[in-house]
Amino acid sequence: MAAEIMSSIVFTGPLAWTADAACQGRTELFFAPAGERPEARVVRESKARGVCTECAAMAPCRDWARENREYGFWGGESEEERAAAGYRVDMPVGRVARYPKGDGSPVAPRTPRVA
Ligand code: SF4
């Protein structure tokens, strides 16, 4: 019963699309463990991308992650891919995340929002 109540709280409002998420229970594919090596990240994100490709919630998931500058793999996109699209996380790790377009120019940080 408690689980039913929790899921009805989580899967409502602007996050209602999460009810259709194909990644439920697969967190380990979508967020990097501490100290993850680049080679391991390529493999992990490839598996995550495969799950996203089959997911009915890919479009709203991608929009959410971009708008909220999420960390991790969302909507078929890695942090680097979101940064290259102009949606960099607030505290990027690594050169590729800071300079996703490779032209030496950091992506502009997002405009602060007042809650
Ligand atoms: S698109 Fe990917 S990250 Fe987003 S809900 Fe679906 S499986 Fe999860």
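**Exercise 1.** Against which helices do the buried residues of H3 pack in this predicted model?

*Solution.* Begin with the helix itself: H3 runs over residues 38-53, and its 16 residues reach 22 Å from the first C-alpha to the last, close to the 22 Å expected at 1.5 Å a residue. Next, pick out its buried residues, which are Glu45, Ala48 and Cys52. These cover an arc of only 60 degrees around the axis, which puts them on the same side of H3. An α-helix has 3.6 residues a turn, so residues three or four places apart point the same way. Finally, follow the contacts of the buried residues of H3, which lead to helix H2 (27-30) and helix H4 (58-68).

**Exercise 2.** Identify the exposed residues on the face of H3 turned away from its buried side.

*Solution.* That face carries Glu39, Ala40, Val42, Val43, Ser46 and Thr53.

**Exercise 3.** Determine which elements give two or more residues to the largest nonpolar core.

*Solution.* List the members of this core first: Ala48, Cys52, Met58, Cys61, Ala65, Phe73 and Trp74, seven residues in all. The elements that meet the condition are H3 and H4, and H4 gives the most, with three residues. Looking at one member, Ala65, beyond four places away in sequence, one finds that Ala65 touches Glu70, Trp74, Gly75, Glu77 and Arg82.

**Exercise 4.** Describe the shell around the ligand by its nearest residues and by class.

*Solution.* Of the 13 residues around the ligand, those that come nearest are Ala21, Cys23, Cys52, Cys55 and Cys61. H3 and H4 each supply at least two residues of the shell. Sorted by class, the shell has 11 nonpolar and two polar residues, and no charged ones.

How values were computed:
Residues numbered from 1 in each chain as written. Predicted model: local features only at pLDDT ≥ 70, side-chain atom pairs only at ≥ 80, totals over all residues. Helix = DSSP H or I, 4+ residues; strand = E, 2+ residues; numbered from the N terminus. Expected span 1.5 Å × (residues − 1). Buried ≥ 20, exposed ≤ 12 C-beta atoms within 10 Å, placed from the backbone. Arc of directions from axis to C-beta. Contact = placed C-beta atoms within 7 Å. Near = placed C-beta within 6 Å. Nonpolar A, V, L, I, M, F, W, Y, C, P; charged D, E, K, R; others polar. Core = buried A, V, L, I, M, F, W, Y, C linked by C-beta atoms within 7 Å.
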